[in-house]
Amino acid sequence: MKSFLIMKFGGTSVGNAQRMKNVAKLITNETPKIVVLSAMSGTTNSLVEIAEYLYKKNHDTANELIFQLENKYRNVCNELFSTNEYKNLALETISNHFDDMRKFIIDVFTTLEEKSILAKGEILSTTLFYYYLLENNIDSVLLSALNFMRIDKSDEPDFYYIKENLQREINLYPDKNLFITQGYICRNAFGEIDNLKRGGSDFSASLIGAALRSNEIEIWTDIDGFHNNDPRFVQKTHSISELSFDEAAELAYFGAKILHPSTVLPAKAANIPVRLKNTMNPKAAGTLITNNSLNTDEIKAVAAKDGIVAIKIKSGRMLLAYGFLRKIFETFERFQTPIDMVTTSEIAVSLTIDNDQYLEKIVEELRQYGTVAVDKNQTIICVVGNFAGNKTGMALKVFEALRNIPIRMISYGGSENNISILIDSQEKIRSLQALNEHLF
Ligand code: ADP
Ligand code: ASP
Ligand code: MG
């Protein structure tokens, strides 16, 4: 089996006609590769908005937004293609997809229709890009991710299915070296169109890389790799040249938007390096994420995850009792709600969740064990570095930086590379900035 390089380009990297042309330059060499594209930037947000209006039966506004988005795509075509042949082909594709979308302006609008709409972004970007390659005599194959990418009944990737079907698709073209496909979109256990959740194109690339046992998975975005802090909120951040899979997973899970949180898993399991690169500055080294545990002494990076709910269960019955935590955890398991942080004292336990779908039911059940207090609008600050048990002074550095921030929970020692701190979301930016000043 041929060895493929996986190259995933995010929304900004294919955000306009010129950017698409730049991507074409980055992928045209002899190396066999699978190119995974996101929707053009802004598109998925627009599609989400259109679906929201359709749910609300506000058909006029939905129609207007569909019209605006279609126009945007027609303009991209005019800039992207230089021959009438391909311009017309692309315009026809655009008309078909937007006409199809208009068929969803119906009273009974369900998640089924919504997911079909959300899939249009990646289908459009890959089709336009494929036509551009054809127009420029660059030989490639457009693979529909809907033919191989699949999630099971628990919304987890069906890895066996993905591997079998992707390989079968690729084997149909033994002489081809360049494949273009969609990130984000997939089918679910019922064969319906579905997706890997927002930002999921990174995850698609990682699943494809693992399925094909690639040598490397490259994630091309609009910044020169993983930064030590969130550049949206903090000035003077810098790119990190190397991270371990575990470090990258913690940062991605706890809010570093550059990587979809599930991306690391398939790559780590298959031991495939993930390289983050900047489409706007391809010469920059970026970040290499590998299985090599890098035993550096420093604190490497900070990330923050919003939308956290803290729940405290206080009970005299916990004192000297065993089995108490099990009962509490079982409640969360019954409502399929993952727990992120946990801290315990002899009479109380505090924990956090990021999905409040079943919050009321969970709280109702927990009340049988003691008094329950809920704090919403919390943020987890995650500090990643080397916090091995024999190290001294690491916590001091972190808490000195946060001396003026009220802290709700602390988790230290869960792993050797992470300290998590729960704060009120209002304190997030101040905390990230304070950590930046004191730690780096
Ligand atoms: P793409 O559309 O290419 O997937 P994203 O917008 O999803 O790109 O991710 C890249 C963005 O992630 C950057 O522009 C940056 O603002 C944001 N970001 C947040 N935290 C970090 C971090 N620690 N390092 C780098 N970028 C980060
Ligand atoms: N287009 C999808 C989104 O905006 C997936 C992605 O870009 O990774 O969420
Ligand atoms: Mg992204």
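This report covers the surroundings of two ligands and the packing of two helix pairs in a predicted model.

**Ligand 1**

Around ligand 1 there are 16 residues, and the closest of them are Lys8, Thr221, Asp222, His227 and Lys257. By class, this shell holds five nonpolar, six polar and five charged residues. Polar contacts to ligand 1 involve both backbone and side-chain atoms. A polar backbone atom of His227 sits 2.8 Å from a nitrogen atom of the ligand, and a polar backbone atom of Gly11 is 3.1 Å from an oxygen atom of ligand 1. The side chain of Lys257 contributes an N or O atom at 2.7 Å from an oxygen atom of ligand 1. The protein buries 86% of the 570 Å² that ligand 1 exposes when taken alone.

**Ligand 2**

The shell of ligand 2 consists of Ser38, Ala39, Thr44, Glu122, Tyr184, Arg198, Gly199, Gly200 and Ser201. Two of these residues count as nonpolar, five as polar and two as charged. Glu122 uses its side chain: an N or O atom there is 2.6 Å from a nitrogen atom of ligand 2. Gly199 and Ser201 are in contact through the backbone. For Gly199, a backbone N or O atom is 2.8 Å from an oxygen atom of ligand 2; for Ser201, a polar backbone atom is 3.0 Å from an oxygen atom of the ligand. Of the 260 Å² of accessible area that ligand 2 has on its own, the protein covers 86%.

The polar contacts of both ligands are collected below.

| Ligand atom | Protein partner | Distance |
|---|---|---|
| Ligand 1, oxygen | Gly11, backbone | 3.1 Å |
| Ligand 1, nitrogen | His227, backbone | 2.8 Å |
| Ligand 1, oxygen | Lys257, side chain | 2.7 Å |
| Ligand 2, nitrogen | Glu122, side chain | 2.6 Å |
| Ligand 2, oxygen | Gly199, backbone | 2.8 Å |
| Ligand 2, oxygen | Ser201, backbone | 3.0 Å |

**Helix pairs**

Two packed helices are described by the distance between their axes and by the angle between those axes. Helix α3 spans residues 59–80 and helix α5 residues 111–135; their axes come within 11 Å and cross at roughly 15°. That angle makes α3 roughly parallel to α5. The crossing of these two helices, α3 and α5, is right-handed. Glu122, which belongs to the shell of ligand 2, falls within the residue range of α5.

The other pair is formed by helix α12, residues 394–401, and helix α13, residues 428–439. Their axes come within 8 Å and cross at roughly 130°. The helices α12 and α13 are therefore oblique to each other. Here too the crossing, that of α12 past α13, is right-handed.

Key: Residues numbered from 1 in each chain as written. Chains lettered and ligands numbered in written order. Predicted model: local features only at pLDDT ≥ 70, side-chain atom pairs only at ≥ 80, totals over all residues. Heavy atoms only, no water. Near = heavy atom within 4 Å. Polar contact = N/O pair within 3.5 Å; in protein donor to acceptor, adjacent residues only side chain to side chain. Areas by Shrake-Rupley, 256 points an atom, 1.4 Å probe, with all protein chains shown as cover. Nonpolar A, V, L, I, M, F, W, Y, C, P; charged D, E, K, R; others polar. Axes fitted to C-alpha atoms, helices over the stretch in contact; angles between N-to-C directions. Helix = DSSP H or I, 4+ residues; strand = E, 2+ residues; numbered from the N terminus. Parallel < 35°, antiparallel > 145°, perpendicular 65-115°, else oblique. Left-handed = near helix turned anticlockwise from the far one by under 90°.
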